[in-house]
Amino acid sequence: MFRYFVRRVLQGVLTFFGATFIVYALMFANQDDPLQALAGERPLPENVRQALTERYHLDEPFILQYGHYMRGLLTGDFGISLTNRPISDMMQQAWPVTIRLAVFAIIISALVAVTAGIVSGIRRGGIFDTTTLIITLVLLSLPIVVLAPLAQLLFGVQLHWFPATAGAEPGFYQLILPALVLSCLVIATQIRVTRASVAENLRSDYVRTARAKGLANRRVIGVHVLRNSLIPVVTLIGVDLGNLMAGAIVTEGVFNIPGVGFNLFRGIRTEDGPLVVGFVSILVIVFLVVNLVVDLLYAVLDPRIRYE
């Protein structure tokens, strides 16, 4: 287990440097004048241009610019955005909001997907199973760029069930509708994976043996089937974190939620390279850590799995 952990950490380090290098190159290497995006169509004063050029090392070769950025990043200095705001301060304001939104979305998707998937897997071919499959097909066919404004219009503007926008300091009630929209991005896949896993395990030899011994059906499903069926679901939930973060860019933009996705969307639109690279770097770290934790949970859920 320890050797596997060390190997995964080393792989994560290489992935982190590779991902940040690609994002940094996309934001800075191909821009003729990254500072002009700050001023728009107006000419940028020469003294301001010179000061910003020195601050972001734009007069140096690209590889040295990346080296300066990584040195600051590894020491906890995320730099300053082109709007002259410390990126670390922006992260302190944005991350708590996005974490609450992501946690709500994960809880909603996990509860609904596991429950619906188990019932569908046990009662394959029934009315509930057929209805669930139709709903998942609809959700899979709706991209987040369509689902988010549609939910805002229907449930926020017309029915007034939820606030149409979250505002500067969103609470639990303001985040319910965005969390529901964000959970729809992954819930359909989780239901289908849970259903297939439960149905496969119900046909396994150990289930037939347990039933032959006279164990109650509730115990067979709750103790034996459910534990083995959750392994691919846990894997999928960890992978879905990346989808949730990508979907949060659209969701937070539509519902005006001042989180990580909202800042990323604004940074991409205004070509604010330091802001985009700083937020993406933290997203890469979160994604790598979550995937490592999910892999280590395999051994907890299934004692047969051993890492060398």
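This report walks through a predicted model of one protein chain, from its overall make-up to a few single residues.

## Ground rules

Since this is a predicted model, local features need pLDDT of at least 70 and side-chain atom pairs count only at pLDDT 80 or more, while totals for chains, interfaces and linings use all residues. Residues are numbered from 1 along each chain as its sequence is written, and side-chain values use heavy atoms, with hydrogens and water left out.

## The big picture

Let's start with the helices. The chain has 12 helices and zero strands. Here helices (H or I, at least four residues) and strands (E, at least two) are DSSP runs, numbered from the N terminus.

How much of the chain is tucked away? Of its 308 residues, 42% count as buried. Buried means under 20% relative accessible area, exposed means over 50%, and partly exposed is in between, using a 1.4 Å probe and protein chains only. The accessible surface comes to about 16600 Å², and 66% of that belongs to carbon and sulfur atoms. Such areas come from the Shrake-Rupley method with a 1.4 Å probe, and for residues only the protein chains shown count as cover.

Now for contacts, meaning heavy atoms within 4.5 Å. Among contacts with a separation of 6 or more, 75% are between residues 24 or more positions apart.

## A nonpolar patch on the surface

Phe2, Phe5, Val6, Val9, Leu10, Val13, Phe17 and Leu74 form a nonpolar patch on the surface, and together they have about 730 Å² of accessible area. Patches are made of residues with over 30% relative accessible area and no salt bridge; like charges are joined within 9 Å, and nonpolar side chains (Val, Leu, Ile, Met, Phe, Trp, Tyr) within 5 Å.

Which helix gives the largest share of the patch? That's helix H1 (residues 2-29), with seven residues. Val9 sits in H1 too, and Val9 counts as partly exposed because its relative accessibility is 34%.

## A pocket and a cavity

Next, the spaces. On a 1 Å grid over the protein atoms alone, a cavity is a set of points where a 1.4 Å probe fits but cannot get out, and a pocket is an open set with protein on both sides within 12 Å along at least five of seven lines; lining residues have an atom within 4 Å of a point. Grid points are joined across faces, edges and corners, and a volume is the space filled by probe spheres set on the points.

The largest pocket has a volume of about 310 Å³. It is lined by 17 residues, and the closest to its centre are Arg55, Tyr56, His68, Tyr69 and Gly79. H1, helix H4 (62-74) and helix H12 (273-301) each supply at least two lining residues, with H4 giving the largest share, five residues.

There are two cavities of 30 Å³ or more. The second largest cavity has a volume of about 30 Å³, and its lining includes Ile106, Ser109, Val186 and Gln190. Helix H5 (87-122), helix H8 (172-202) and helix H10 (217-254) each add at least two residues to that lining, and H10 gives the most, with four residues.

## One salt bridge

A salt bridge is a side-chain nitrogen of Lys or Arg within 4 Å of a carboxyl oxygen of Asp or Glu. Side chains of opposite charge can pair when their charged atoms come close. By this rule the model has one salt bridge: Arg195 pairs with Asp129, and the closest N and O atoms are 2.6 Å apart. The pair links distant parts of the chain, with Arg195 in helix H8 and Asp129 in helix H6, 66 residues apart.

Are the two partners buried or exposed? Both Arg195 and Asp129 are buried. Asp129 counts as buried because its relative accessible area is 3%. Besides neighbours within four places in sequence, Asp129 is in contact with Ser120, Arg123, Arg124 and Arg195.

## Three loop residues

Most residues other than glycine have a negative phi, and most peptide bonds are trans. His160 has a positive phi, near 60 degrees. His160 lies in the loop between helix H7 (144-158) and H8, and it counts as exposed because its relative accessibility is 59%. Asn256 has a positive phi as well, near 55 degrees, and lies in the loop between H10 and helix H11 (260-269).

Asp77 is in the loop between H4 and H5. The C-alpha atoms of Asp77 and Gly278 are separated by 9.5 Å, with their positions 201 residues apart along the chain.
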